[in-house]
Amino acid sequence: MTEIADLTLIDAETLRAAVPMRTAITSIQKAAGLLVEDAFQRSAVDTERGQFLLMPSEASGYAGCKVLTVAPGNPSRGLERIQGLFVLFDGDTLEPLSIIDGAALTSLRTPAVTAALVDLVTPANASTLTVFGTGPQARHHVDAIRRIRPIDAVRVVGRTPQSSRHAAALWSCPELTVRPSNAEDALDADIVVCATTSSEALFDRELDSRTTVAAVGSHEPEKRELPAGLLAKSHVIVETRTVATTEAGDVVRAIDEGLLSADELITFHDVASGMVRPTTDRPRVIKTCGMGWQDLVIAAAAIEAMSIGMKENAR
């Protein structure tokens, strides 16, 4: 029997060192090309102060389960909105191998998945990025998109002008121009990322056909960040049709409004395997909710990288 003391504990710093963002993106793309449909579904249970999320998964010789809590009131307390742990198991014996910081894993996984998809459907010369949101996920998405495209200008749209200015000052660096903006002025970017907690569409206007839009803010069928009209005129790319039509409010509400059909949805596997190549004659909309296999892929990459490092140090 595996003792608790025998488990490899992976905190946020160790995870980032073991799995750089570019590695996470590549690992996600490779796995998506092989995985047609994940048999495991997310379970959500409401609590008095938020929500429990249970995300089991199994692939590539490993099994795992992420237990997350979502506490909407945490940011006002100076705490992360999402907390949790991921437990990695041996795929054959189902013995536990590692416990990983769940919030750090989510912070790496979510932008890695977005960047993996953006990379597959966006022109190689895309250089401008707009981010709706000023929280940790918004910031991590800037880092991830810069790993796959030559981004030299970022516009940030926060809930208030003050939050936009604060984020722009915080994210700016010598290699990158970041400036605060608003929805109307920010939508002519090559890539638009929506990473907010909004329940309604953040904007309502047509976008240029060159634009790729990624919405990552929610996994609840009643919430959306994008207008249904945008999805109706775009290639819509999702993780799976099952997840999109049950959890992705942007997709669910567009279908309910009669502006989109589930048959039109393009899956991550479709594009990662090369079966479908969305054209640039209209915008590409990416809607993700997060799936257990994505966390498992990164967790496995972390434990394997650490194992290799320990073997090299032992020589």
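**Helix 3 and its two sheets**

Biologist: Which strands does helix 3 (residues 102-121) lie across, and at about what angle does it run to strand 14?

Modeller: Helix 3 lies across strand 10 (191-194), strand 11 (212-215), strand 12 and strand 14 (284-287). Helices (H or I, at least four residues) and strands (E, at least two) are DSSP runs, numbered from the N terminus. Axes are lines fitted to C-alpha atoms, for helices over the stretch in contact (heavy atoms within 4.5 Å), and angles run from 0 to 180 degrees between N-to-C directions. On that scale, helix 3 runs to strand 14 at about 160°.

Biologist: I note that this is a predicted model, in which local features need pLDDT of at least 70, side-chain atom pairs count only at pLDDT 80 or more, and totals for chains, interfaces and linings use all residues. Residues are numbered from 1 along each chain as its sequence is written, and side-chain values use heavy atoms, with hydrogens and water left out. Which strands stand at the edges of the sheet with the order 9-8-7-10-11-14-12-13?

Modeller: Eight strands form this open sheet, and their pairing is parallel, where two strands pair if DSSP finds at least two bridges between them. An edge strand has a single partner strand, so one side of it is left without a neighbour in the sheet. That describes strand 9 (177-180) and strand 13 (266-267).

Biologist: Which residue of strand 13 stands opposite V238?

Modeller: Strand 12 (residues 235-238) runs parallel to strand 13, and two bridges join them. Opposite V238, in strand 13, stands T267.

Biologist: What is the average twist from one strand to the next in the sheet of six strands?

Modeller: This open sheet has the order 1-6-5-4-3-2, with mixed pairing. Strand 1 (8-10) and strand 2 (43-46) stand at its edges, each with a single partner strand, so one side of each lacks a neighbour in the sheet. From one strand to the next, the twist averages 15°.

Biologist: About what angle does the direction of helix 3 make with that of strand 5?

Modeller: Strand 5 (residues 82-90) and strand 6 (residues 96-101) run antiparallel and are joined by five bridges, and the bridge partner of V87 in strand 6 is I99. Helix 3 packs on this sheet, touching strand 3 (51-59), strand 4 (62-70), strand 5 and strand 6. Its direction makes an angle with that of strand 5 of about 90°.

Biologist: Is S60 buried or exposed?

Modeller: S60 is found in the loop between strand 3 and strand 4, and although it is not a glycine, it has a positive phi of about 55°. Buried means under 20% relative accessible area, exposed over 50%, and partly exposed in between (1.4 Å probe, protein chains only). With a relative accessible area of 71%, S60 is exposed.

Biologist: How many disulfides does the structure hold?

Modeller: A disulfide is a pair of cysteine sulfur atoms within 2.5 Å. The sulfur of C65 is too far for a bond, because the closest cysteine sulfur, in C289, is 18 Å away. The sulfur of C194 is likewise too far, because the closest cysteine sulfur, also in C289, is 14 Å away. The number of disulfides in the structure is zero.

Biologist: What is the radius of gyration of the protein?

Modeller: The protein has 11 helices and 14 strands. The radius of gyration is taken over C-alpha atoms, and the globule rule is 2.2 Å times the number of residues to the power 0.38. For 315 residues that rule gives 20 Å, and the protein comes close to it, so it is as compact as a globular protein of that length, with a radius of gyration of 19 Å.
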